[in-house]
Amino acid sequence: MSERGEKSPLEVMARMVARDGKPFLSEAAFEAGERLARDFYRAGMLPGVSAALTPRLESRGRGGWRGPSDMTDAMLDARKRVSAALGAIGPELADVAIDFCCFMKGLERMERERQWPVRSAKLMVRTALQALARHYAPPPARGGVRHWGEAGYRPEIAALFAED
């Protein structure tokens, strides 16, 4: 929930029900959206909304942002995670995920801003969240140990110590 007690667009979408009665958004997709938003906030990637009252050329000695050297390890790690997640879902869906999960733009606003047809944003957002879920929890690898050697391809240890 936001500071004002409102539900985020992601929480609203998680409560939607598809025509067949199943949830519109899977639990994994919801968790992926929440994880992206958490990393985005931890990374300090939200644009600043306050006015800077100090002159631009003055160095900021007390609490001001001086650059990358001010970033904590946690912020750097979060930025790497956000970058990896957005790279995994591709540029077509990355901006959709950022707008919806991080900037908390609602479906109607996204449709209006992007000039999409009505009720199309929920499909694009669901697709982006499903791709994010695949990134965060990839499908299991195929079972079994795979190697190119045949039976008996390893040398016998006794053969290494045998005298000729």
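This report covers helix H5, the loop before it, and the salt bridges around them. The model is predicted.

**The loop before H5**

Helix H4 (91-102) and helix H5 (107-114) are joined by a loop that holds Phe103. Lys105 lies in that loop too, between H4 and H5. Phe103 is partly exposed, with a relative accessible area of 34%. Lys105 is buried, at 14%.

Phe103 belongs to a nonpolar patch on the surface. Its other members are Tyr41, Leu46 and Met104. Together the four residues have about 330 Å² of accessible area.

What does Lys105 touch, once its neighbours within four places in sequence are left aside? The contacts are Pro9, Asp99, Phe100, Met110 and Glu113. With Glu113 there is also a side-chain polar contact of 2.9 Å. The pair counts as a salt bridge as well, with 2.9 Å between the closest N and O atoms.

**Salt bridges**

Side chains of opposite charge can pair when their charged atoms come close. The whole structure has seven salt bridges. Three of them are listed here.

| Salt bridge | Closest N to O distance |
|---|---|
| Asp99 and Arg114 | 2.3 Å |
| Lys105 and Glu113 | 2.9 Å |
| Glu113 and Arg109 | 2.9 Å |

Take the pair of Asp99 and Arg114, whose closest N and O atoms are 2.3 Å apart. Asp99 sits in helix H4 and Arg114 in helix H5, so the bridge ties together parts that are 15 residues apart in sequence. Asp99 counts as buried, at 11% relative accessibility. Arg114 counts as partly exposed, at 23%.

In the pair of Lys105 and Glu113, Lys105 is buried, with a relative accessible area of 14%. Glu113 is partly exposed, with 41%. Why is Glu113 called partly exposed? The class runs from 20% to 50% relative accessible area, because buried means under 20% and exposed means over 50%. At 41%, Glu113 is therefore partly exposed.

Glu113 also meets Arg109 in a salt bridge. Both residues lie in helix H5, four residues apart, about one turn of the helix. Arg109 counts as partly exposed, at 38% relative accessibility.

Which residues does the salt-bridge network link? They are Asp95, Asp99, Lys105, Arg109, Glu113 and Arg114.

**The two sides of H5**

H5 has a buried side. Its buried residues are Leu107, Met110 and Glu111. Seen down the axis of H5, these residues fall within an arc of 100°, so they line one face of the helix. They pack against helix H1 (9-14), H4 and helix H6 (121-136). Met110, one of these buried residues, is also among the contacts of Lys105.

What does the face of H5 turned away from the buried side carry? That face holds the exposed residues Glu108 and Arg112.

After H5 comes Gln115. The phi of Gln115 is positive, near 60°.

**The picture in short**

The buried Lys105 sits in the loop between H4 and H5 and pairs with Glu113. Glu113 pairs with Arg109 too. Asp99 and Arg114 form a bridge between H4 and H5. These residues, along with Asp95, are linked in a network of salt bridges. The buried residues of H5 pack against H1, H4 and H6.

Terms used
Residues numbered from 1 in each chain as written. Predicted model: local features only at pLDDT ≥ 70, side-chain atom pairs only at ≥ 80, totals over all residues. Heavy atoms only, no water. Patch = residues over 30% accessible without salt bridge, like charges linked within 9 Å, V, L, I, M, F, W, Y side chains within 5 Å. Areas by Shrake-Rupley, 256 points an atom, 1.4 Å probe, with all protein chains shown as cover. Salt bridge = Lys/Arg side-chain N within 4 Å of Asp/Glu carboxyl O. Helix = DSSP H or I, 4+ residues; strand = E, 2+ residues; numbered from the N terminus. Buried < 20%, exposed > 50% of the residue type's maximum accessible area, 1.4 Å probe, protein only. Polar contact = N/O pair within 3.5 Å; in protein donor to acceptor, adjacent residues only side chain to side chain. Contact = heavy atoms within 4.5 Å. Arc of directions from axis to C-beta.
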